[in-house]
Each structure stands twice: as structure tokens, then as C-alpha cells.
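User: I'm new to this structure and would like a close look at one part of it. Please start with a loop, then walk me outward from there in plain words.

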Amino acid sequence: MQEAVKTEARKPLPPDPKPTRAANDEAVAPPETVRIAALGDLHMKEDAAGFYKNLFLELNDTADILCLAGDLTDFGRTKEAENLAEDLRHLKIPVVAVLGNHDYESGQPEEVARILRQAGVCMLGETAHVHRGIGFAGVKGFGGGFGRRMLGAFGEPAVKAFVQETLDECHKLEIALRSLHTEKKIVVLHYSPVEETVVGEPEQIFPYLGCSRLAETIDRYDITAVVHGHAHRGSYRGKTPKGIPVFNVAANIEKENGKLYSVMEV
Ligand SMILES: [Fe+2]
Ligand SMILES: [Fe+2]
């Protein structure tokens, strides 16, 4: 019995991953609520240097952390990523991000991610991030459609490869979520996990805007909220089958605060 008590007493606490930015803030007592800003589909262009400078300056006062939900660049070009990295230097709060399909277009998503990491962005993936006691997990996600009409892994190898891409993204997200021990968790995606937030887009392209398999993974965990982009003409608010709130934060989507980005207090 004594031995059992000793073992329990020695049990180490789970490590708290270090933030990539605003390290000094960690020494301050956490606030009652954390303001989480989220924005997707920035589509930074080669000739648009400085486009987001004022937005990022504003976010320094309106949020405690920013989630970027993919399509950070228009064509995944080096110059586009460099432009965004330069604008991000005006942002003093931490940033977590996932890539979107546009960031893959030039065949060098790793280079886009590398440039953004150098600017202090925490690129999510198999590794999650914790800031002020809130866990952040994210992946790009992929398509496949929703509900009973979801594409199945049947027939040609190309169809199976398509479905496998989504399953691989779900697997990465699962690894990240399993590593989080925080009470509150935010999931950042590019593709939508639910149909509700792509409504407004032509129905014919719903299967390319997201996939219910992402929601199946999310619903296995106690997630506080999900943010995603990609569906530029979709709807702002939705929820997973389990009831987890989902927000389409693509730049074009009208938010409740009238801004390009959403802010939730968690
Ligand atoms: Fe986009
Ligand atoms: Fe996209």
C-alpha cells in the first residue's frame, strides 16, 4: 500500500509545450478568458506586400492568440509566403496555423511552412500547441463529402488514394489530440468537418470542401470549438453531430463582429 502511494506521488506531470512567441507572457497569471482570433484564406499574393499589416496591428489589441486556417498564400509561391511573413512581424501575439490546398499549388508546401515558421508561426500537425492552458491541434484536412453521401474507398486506386488522403489527415489530427491534456481544446482545419458551414457554395462542389470523417475524429474528443476555411461562400456557424461548435472563418465569410476575422472568448 505504502509503495503504491509513493508511486503515485512520483508520477510526473505532463509537460506543458513551450510557446513559440510571447514567451514573457507565460510568466503572467493566465487571464480568466483567452481571446482566440481565427482567420482563413488570406491568399497572400506576390504583389500584395503589406496587405495584412494593419489587420495584424489591430489584432495585437483584440486577441491573445491567432489561428490561421489555411490558404495562407494564393499559389504557394515563395514570394507570397515571404510577404505574409513580413506582415506577420507586426503581430505580437502567438500564431498557430495550418496550410490549405492553395499553399500546395507550387509543389513546395514545406517551403511555405518553413518561411512562416521563421516568422514565428507555430505550424500545427502531428504536434499540438498549448498557450495559456488552451490546447490547439490542427491539420489541413481534405475532401470526400458529408454524411451518407461521403465517398467510400471503393474501386479504382485513384478513388482509394483520395479517401486515404482524408484518413491520413484524420490520423495526424488524432495523434495531436491524444497528446493534449488541456481541459479546453481548439481544432484548426482548412477543410470543413461538417456540411452546415459549406452551405452557400454550389452543392455540386460540397464533396471538395470537406469531409465528415474529420468530424468523426473530432467527436471522439472533448473539443471546445473548431475553426476552418476553404468554403469562401459558405456559412459562418455549424456544429458536429456531437454538438461541437464549428466556425467557417474564411476571410470572405461575414462574421458576427463585422471583421475579417472572428474572435471567441474561451
Ligand atoms: Fe481559399
Ligand atoms: Fe482552400
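Analyst: His-43 counts as buried because it has 22 C-beta neighbours inside 10 Å. (Buried means that 20 or more other C-beta atoms lie within 10 Å of a residue's own; 12 or fewer makes it exposed, anything in between partly exposed, and the C-beta atoms are placed from the backbone.) His-43 sits in the loop between strand 1 and helix 2, and has a positive phi of about 50° although it is not a glycine. Asp-41 belongs to that loop between strand 1 and helix 2 (53-62) too. Asp-41 has a positive phi of about 60°, again without being a glycine, and it counts as buried because it has 25 C-beta neighbours inside 10 Å.

Before going on, a word on the source: this is a predicted model, where local features need pLDDT of at least 70 and side-chain atom pairs count only at pLDDT 80 or more, while totals for chains, interfaces and linings use all residues. Residues are numbered from 1 along each chain as its sequence is written, and chains are lettered from A and ligands numbered from 1 in the order in which they are written.

Now for the wider setting. The protein has 6 helices and 11 strands; these are DSSP runs numbered from the N terminus, with helices being H or I of at least four residues and strands being E of at least two. Of its 266 residues, 44% count as buried.

Back at the loop, strand 1 (residues 35-39) runs antiparallel to strand 11, joined to it by 4 bridges. (Two strands pair if DSSP finds at least two bridges between them.) Ala-38 stands opposite Ser-262 in strand 11. Strand 11 (residues 262-265) has two unlike faces: Ser-262 and Met-264 are on the covered one, Val-263 and Glu-265 on the uncovered one. That fits a common pattern: in a regular strand the side chains alternate between the two faces of the sheet.

On the other side of the loop comes helix 2, and that leads to helix 3, since helix 2 is among the things covering the buried residues of helix 3, along with strand 3 (95-98) and helix 4. The buried residues in helix 3 include Glu-80, Ala-81, Leu-84 and Leu-88. It helps to recall that an α-helix has 3.6 residues a turn, so residues three or four places apart point the same way.

How do helix 3 and helix 4 meet? The axes of helix 3 (residues 78-88) and helix 4 (residues 109-118) come within 9 Å and cross at roughly 20°. Axes here are lines fitted to C-alpha atoms, for helices over the stretch in contact, and angles run from 0 to 180 degrees between N-to-C directions. Helix 3 and helix 4 are therefore roughly parallel to each other: angles under 35 degrees count that way, over 145 as roughly antiparallel, 65 to 115 as roughly perpendicular and the rest as oblique. Thr-78, Ala-81, Glu-82, Leu-84 and Ala-85 in helix 3 meet Glu-111, Val-112, Ile-115, Leu-116 and Gln-118 in helix 4. (Contact means C-beta atoms, placed from the backbone, within 7 Å.) Sorted by class, that contact has 6 nonpolar, 2 polar and 2 charged residues; Ala, Val, Leu, Ile, Met, Phe, Trp, Tyr, Cys and Pro count as nonpolar, Asp, Glu, Lys and Arg as charged, and the others, Gly among them, as polar.

Last stop: an open sheet of 6 strands, in the order 5-6-7-8-10-9, with mixed pairing. At its edges are strand 5 (129-131) and strand 9 (237-239), each pairing on one side only. From one strand to the next, the twist averages 25°. Helix 5 (residues 157-179) packs on the sheet, touching strand 6 (134-139) and strand 7 (184-189), and its direction makes about 165° with that of strand 6.

Strand 6 itself is mostly covered, with 6 of its 6 residues buried. Ile-134, Phe-136 and Gly-138 point one way, while Gly-135, Ala-137 and Val-139 point the other. Strand 6 pairs with strand 5 in the antiparallel sense over 3 bridges, with Val-130 partnered by Gly-135. In the hairpin of those two strands, with 2 residues between them, Arg-132 takes a positive phi near 50°. Strand 6 also runs parallel to strand 7 over 6 bridges, and there Gly-135 has Lys-185 as its bridge partner. Further along, strand 8 (residues 225-228) and strand 10 (residues 245-248) pair in the parallel sense over 3 bridges, with Val-227 matched to Phe-247.

Conventions. Contact = placed C-beta atoms within 7 Å.
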